Amino acid sequence: AEATALRVDKQTSILRWGVADMTANKCEKNDLGEIMSYNLETTVNGPNGTDISYFKVEMSDYNIIGEAGKITTTEYSDSARATLSKKDIQENITRDASGNTLSYKLTSTNYDVAGLELKTTYSFITMGDYAGDNPTWITTAQYVEDFVATAVPAEATALRVDKQTSILRWG
């Protein structure tokens, strides 16, 4: 019998930053040759059937090879990627010398079925004490108002703070 995968991620329409993009001031020299965008289809096979999600991922502001400083993930409710349902923008991504993410600003916007904005949240995520490629703690501070990624408000002023500690992974 053939095994059924629990989850399958398929990346298509992969585009890379080129010289023409740099000439048109759409990217910096560090972006050249790096991934600009791709479509992502995620299929999850569960006990109640199959669930398929559709995304477009855009990457820019590369600091060094392979490490984007900004990632925009747009989720759609249809395979044609015409009906927007959510957009996440991770920006000002900082990493340690091993390339592990230390922090980033996250702006998440949800949309209704007509594509109208329902709600936007502003968060600052920090993580650390890596065991291999995995952080052992993650803190998410959500704020009522937007803020400049380089001037994060004090955690004490956050609307909500989630702290995950002692994170252990199988394997």
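This report describes the fold, surface and nonpolar cores of a predicted model.

## Overall fold

The chain has one helix and nine strands. Along the sequence, a strand comes first, then the helix, then the remaining strands, in the pattern β-α-β-β-β-β-β-β-β-β.

Along the principal axes, the C-alpha atoms fill a box of roughly 50 × 45 × 40 Å. Take the contacts between residues at least 6 apart in sequence: 30% of them join residues at least 24 apart.

## Burial, surface and charge

The chain has 171 residues, and 33% of them count as buried. About 11000 Å² is exposed. Carbon and sulfur atoms supply 50% of that area.

There are 16 positive and 24 negative charges in the chain. Their mean positions lie 1 Å apart.

## The largest nonpolar core

The largest nonpolar core holds 19 residues. Six of them touch the most other members: Tyr-38, Met-59, Tyr-62, Ile-71, Tyr-104 and Ile-125. Four strands each supply at least two residues of this core: E2 (35-46), E3 (49-60), E6 (101-111) and E7 (117-131). Strand E2 gives the largest share, four residues.

## Ile-125 and a second core

Ile-125 is among the core residues that touch the most other members. Leaving aside residues up to four places away in sequence, Ile-125 touches Leu-102, Ser-103, Tyr-104 and Leu-106. Ile-125 also touches Ile-138, Thr-139 and Thr-140.

Another core lies apart from the largest one. This other core has six residues, including Phe-124, Ala-141, Phe-147 and Ala-158.

How values were computed: Residues numbered from 1 in each chain as written. Predicted model: local features only at pLDDT ≥ 70, side-chain atom pairs only at ≥ 80, totals over all residues. Heavy atoms only, no water. Buried < 20%, exposed > 50% of the residue type's maximum accessible area, 1.4 Å probe, protein only. Contact = heavy atoms within 4.5 Å. Areas by Shrake-Rupley, 256 points an atom, 1.4 Å probe, with all protein chains shown as cover. Lys, Arg positive; Asp, Glu negative; His and termini not counted. Charge placed at Lys NZ, Arg CZ, Asp CG, Glu CD. Core = buried A, V, L, I, M, F, W, Y, C linked by side-chain atoms within 4.5 Å.
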